[in-house]
Amino acid sequence: MPDLTLHGGVGSRVDAEIEVKRSRFLCRLVRTETEDAARAAVDDARKAHWGARHHCSAFVLGSFGAPDQVRRSNDDGEPSGTAGRPMLEALSGRGFVDCVAVVTRYFGGTLLGAGGLVRAYSEAVLTAIDTAQSLGLVVERERRELFTLALPHADAGRIEAELRQRGVLILGTDYGLDAVLKIADDDAARLAAIVARVTAGTAQLEPLGHEWVDVEQ
């Protein structure tokens, strides 16, 4: 399963709401890269919904399989294991990384029981993920090789367009004496062949190492 996250970089957000026996469960899914930022997102939800008693949370930072991946959850006063853990499992089960899910609960007067809470908190997160996917706001996270490509300003626009048409991921362009494209790819030999073709052999890729990048699904 690929690593997935929200499109739009750090701070991008999707909201969803479900109702279970008149209790409202409001989920906000926020892209983040650090534990401090994840906890700040929880605080923001708490301030926005100050009248609610529970603001349960879960977050996953870093790629699945990485030894330094961070996974945290918090039941925020709900019975142990009925909120944060199922939320975390919902994120992990869908392959979501670099995101925090915060579910705010407004009690509707009917006790749901442990099983009902587990299902409700999990469903709230899954509904937010489904909403993000339906809106085209989900991207894959891949570790790719990075390169720069320096081009004359007069040729840069045409060459960039031709590279994009061939599926080359261009992260951005810096303008100085030359126009320098920053490129991410998972096949250096294929990329070099494409660059040689569209530049007629007049431009040379320069390696920059590796980086995790967003890739459209």
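G84 is buried in this predicted model, with a relative accessible area of 0%. The residue belongs to helix α2, an element that also contributes two or more residues to the largest nonpolar core. This briefing covers G84, the nonpolar cores, the buried residue Q69 and the two largest pockets.

**G84 and its surroundings**

- The C-alpha atom of G84 is separated by 5.6 Å from that of A58, although the two residues are 26 apart along the chain.
- Leaving out residues up to four places away in sequence, G84 touches S57, A58, S73, N74 and D75.

**Nonpolar cores**

- The largest nonpolar core comprises 31 residues, and the members that touch the most others are L29, L91, F96 and V125.
- Two or more residues come from each of the strands β1 (3-6), β2 (13-20), β3 (23-31), β4 (54-61) and β6 (99-106), and from each of the helices α2 (84-93) and α3 (113-134).
- Helix α3 gives the most to this core, with 8 residues.
- L29 is in contact with L91 and F96, and also with L6, S12, R13, V14, C99, V100, A101, A128 and I129, when neighbours within four places in sequence are set aside.
- A separate second core has 17 residues, among them A156, I159, V168 and I170.

**Q69 in the loop before β5**

- Q69 is situated in the loop between β4 and β5 (70-74).
- Because its relative accessibility is 18%, and buried means under 20%, Q69 counts as buried.
- A polar atom of the Q69 side chain lies 3.0 Å from the backbone oxygen of G62.
- Beyond four places in sequence, the residues touched by Q69 are V60, L61, G62, S63, F64 and V97.

**Largest pocket**

- The largest pocket holds about 220 Å³ of space.
- Its lining consists of 13 residues, with G62, S63, D98, R141 and W212 the closest to the centre.
- By class, this lining divides into 5 nonpolar, 3 polar and 5 charged residues.
- G62 and S63, both of which line this pocket, are also touched by Q69.

**Second largest pocket**

- The volume of the second largest pocket is about 170 Å³.
- Among its 13 lining residues, H54, E78, R105, F107 and L111 lie nearest the centre.
- Strand β6 and helix α3 are the elements that give two or more residues to this lining, and each also gives two or more residues to the largest nonpolar core.
- The lining of the second largest pocket is made up of 7 nonpolar, 3 polar and 3 charged residues.

Technical notes:
Residues are numbered from 1 along each chain as its sequence is written. This is a predicted model: local features need pLDDT of at least 70, side-chain atom pairs count only at pLDDT 80 or more; totals for chains, interfaces and linings use all residues. Side-chain values use heavy atoms; hydrogens and water are left out. A nonpolar core is a set of buried Ala, Val, Leu, Ile, Met, Phe, Trp, Tyr and Cys residues joined through side-chain atoms within 4.5 Å. Buried means under 20% relative accessible area, exposed over 50%, partly exposed in between (1.4 Å probe, protein chains only). Helices (H or I, at least four residues) and strands (E, at least two) are DSSP runs, numbered from the N terminus. Contact means heavy atoms within 4.5 Å. A polar contact is a pair of N or O atoms within 3.5 Å; within protein, one must be able to donate a hydrogen and the other to accept it, and residues adjacent in sequence count only if both atoms are side-chain atoms. On a 1 Å grid over the protein atoms alone, a cavity is a set of points where a 1.4 Å probe fits but cannot get out, and a pocket is an open set with protein on both sides within 12 Å along at least five of seven lines; lining residues have an atom within 4 Å of a point. Grid points are joined across faces, edges and corners, and a volume is the space filled by probe spheres set on the points. Ala, Val, Leu, Ile, Met, Phe, Trp, Tyr, Cys and Pro count as nonpolar, Asp, Glu, Lys and Arg as charged, and the others, Gly among them, as polar.
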